[in-house]
Structures are given as structure tokens and as C-alpha cells.
Amino acid sequence: EVTINYRHGLPVITLTLPTRSERCRFTVKPTVTTVGAFLQDVQREDKGIERAEVFATDGSKVSDATLMEVLLMNDFKLAINNTGYSVSPPVKDKLSSEHATEMEDIKSLVHRLFVALHLEDHQIRKERELLQKLDHLKEELLPLEQMKARIMKSADAKTSRLLWVGLALMSTQGGALAWLTWWVYSWDIMEPVTYFITYGSAMAFYAYFVLTKQDYIYPDAKDRQFLHYFYRKSKKQHFNVERYNKLKEDLAEAEESLRRLRQPLHLRLPIQEINDKD
């Protein structure tokens, strides 16, 4: 007969060794020990055992890699040499709630000890990695930032010149219409001219909307022209805008990770000590 009892939270399997005809107890760790390891322990204890296997109740063989914790959930058959034993493990829920509570307390204590011993080293190592990453990203971004500043300055200057040119053309147009109206021709002649000029301007604004899907609003039009000059200048000077944006995103992500790592709740330090470290 094969019996299974729990002692100190661990299953103890008691069976009769065929050679010596004596009862022997095997204490297993269900979450670590496999079926194959248990059978090997049985064979090492009795050298006369030539065959030891475990079968499910339906007759299928249980793999040696199966954990004992899984095996002990259901009934099974233990075959030693030519003898078979039907085994019915006790229900694990019968364990006392007091013992289960003690096990949970021990697990919690081990977890807290592990965190206390390794958290600080992990945070220091992670902080060092983030600082190195920040230095590397800033080193890569420095020449790109300088090139971007030059391109933006050139694009802003061209956009401003275009705005002043537009103002000059509108002033010239207004002056020419006034001169033609009062000194050369009369209003009767110039009125249709001004009408078609106004209608042509409306057509131009409508064409802008058709092409850009945006209303002709002066700040938006200025920004659009600025971006046009910026990208054209970037292409000429081989400024990789996508790579620059990717580096900026990586830099922001690394800075955010470092900020979160240095939070007092993560470091478990008072705020004043964090400020002193910074």
C-alpha cells in the first residue's frame, strides 16, 4: 500500500520496498521535484527495483518531466517491478488554515528581504545605464541641434522676407489703382478692373483651400511657408529630420524613465535626500 500524508506543508509518500519488505518514506517538494526525480530516488533506495513507472487512472503513462504538484492533484497508479499500487492523494484543502497562513507570511517575508537586499543595487545600475544613454543621445543630438538652429534661422528669415514682399506688392497695387483712378482714368473705367482683381484674389484663396485643405489664415499660411523653406533647406544640407525626431523621442523617454526611477516612492528615501543627491 502507498500512502501520502502532509507534514510541515510537504507531501510524504510512504511505500514498501520490494527487496527489503520494509516501509520507506519519501519527502518531496511538489513545486520542484518531478516524477522522474521521485522514481530515481525510489530506485536508489532499493537497488532491486528494475522498473518504476507512474500511470494515470486511464492507463496512460505520466511523463517523467511532470511536477509532483500536478501528479498529486489526482489519483494515479504506481508500478514497481511487476506490482501496481493505486494511490489516492489527500485533498490539499484539508491542510490547516493556520499553516497556510504561516506559509504565506514566510513567502512575503522572503520577498521583502529580497527587495531590500537587491532593489538599491538594481536602481543604481539602472540609473547608471540611463545616464550613459542620456549622455550618448545628447552627444548625437548636439551637431543636429546646431544644424537645425541654422536651418530654422534661414527659413525664418526667408519667411519674413516673403511676408514683407507681399505687403510691398499689396501697397504697390493699391497705389497703382489709386493713380489710375484719379490721375489717368476715371472710376467708371477702373471699377470693373478692381472687381476682377477682387474676384481673382478670391479664386486664389479658393485654390489655396483646394490644394491644402485649409483656410487661408495668415498665421497658418506663414507656418506652412516656414516648413516649406525648412524642409527644402534640410534636404540641401542633408539634415535627417526623421533621425533627429527619433533621437528627441528617445531622449524624452530616457529622461522620463530617470525621473520616475528617482521618485522618492521608488527609492524609498525622503524627498530631502533625493534633492541632495540631485
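Biologist: Let's start with Asp250: is it buried or exposed?
Modeller: Keep in mind that we're looking at a predicted model. In it, Asp250 has a relative accessible area of 18%. The cut-off for buried is under 20%, so Asp250 counts as buried.

Biologist: Which residue forms a salt bridge with Asp250?
Modeller: The closest N and O atoms of the pair are 3.0 Å apart, and the rule asks for within 4 Å. Both residues sit in helix H6 (residues 241-261), and because they're four residues apart, about one helical turn separates them. The partner is partly exposed, with a relative accessible area of 46%. It's Lys246.

Biologist: Helix H6 also holds Arg259 and Glu256. How far apart are their closest N and O atoms?
Modeller: These two are three residues apart, again about one turn of the helix. Arg259 is partly exposed at 45% relative accessible area, and Glu256 is partly exposed too, at 35%. They form a salt bridge, and the closest N and O atoms are apart by 2.5 Å.

Biologist: What does Glu53 pair with in a salt bridge?
Modeller: The closest N and O atoms here are 2.6 Å apart. The partner has 34% relative accessibility, so it counts as partly exposed. The salt bridge joins Glu53 to Arg51.

Biologist: And how many salt bridges are there in the structure?
Modeller: We've met Lys246 with Asp250, Arg259 with Glu256 and Glu53 with Arg51. By the same 4 Å rule, the count comes to seven.

Biologist: Moving inside, which element gives the most to the largest nonpolar core?
Modeller: That core has 24 residues, and Leu15, Phe38, Val54, Phe76 and Leu78 have the most contacts inside it. Several elements each supply at least two residues, among them strand E2 (10-17), strand E4 (52-56) and strand E5 (76-80). The top contributor, with four residues, is helix H1.

Biologist: Which residues does Leu78 touch, leaving out those up to four places away in sequence?
Modeller: Leu78 is one of the residues with the most contacts inside the core. Two others from that group, Leu15 and Val54, are on its contact list. The full list is Val2, Leu15, Leu39, Glu53, Val54, Thr83, Gly84, Tyr85 and Val87.

Biologist: How are the rings of Phe26 and Phe38 arranged?
Modeller: Both residues are buried. Phe26 is in strand E3 and Phe38 in helix H1, so the pair links distant parts of the chain, twelve residues apart. The ring centres are 6.0 Å apart and the planes are at 85°. Over 60 degrees is the cut-off, so the pair is edge-to-face.

Biologist: What angle lies between the planes of Phe230 and Phe239?
Modeller: This pair is buried on both sides, and ring pairs link the two into a cluster with Phe226, Tyr231 and Tyr244. The centres of Phe230 and Phe239 are 6.3 Å apart, and the pair is edge-to-face, with an angle of 80°.

Biologist: Out on the surface, which helix gives the largest share of the nonpolar patch?
Modeller: The patch covers about 780 Å² and is made by Trp179, Trp182, Trp183, Val184, Tyr185 and Ile189. Val184, for one, is partly exposed at 38% relative accessibility. Four of the patch residues come from the helix that spans residues 97-184. That's helix H3.

Notes: Residues numbered from 1 in each chain as written. Predicted model: local features only at pLDDT ≥ 70, side-chain atom pairs only at ≥ 80, totals over all residues. Heavy atoms only, no water. Patch = residues over 30% accessible without salt bridge, like charges linked within 9 Å, V, L, I, M, F, W, Y side chains within 5 Å. Areas by Shrake-Rupley, 256 points an atom, 1.4 Å probe, with all protein chains shown as cover. Salt bridge = Lys/Arg side-chain N within 4 Å of Asp/Glu carboxyl O. Buried < 20%, exposed > 50% of the residue type's maximum accessible area, 1.4 Å probe, protein only. Core = buried A, V, L, I, M, F, W, Y, C linked by side-chain atoms within 4.5 Å. Contact = heavy atoms within 4.5 Å. Phe/Tyr/Trp six-rings, centres within 6.5 Å; stacked < 30°, edge-to-face > 60°.
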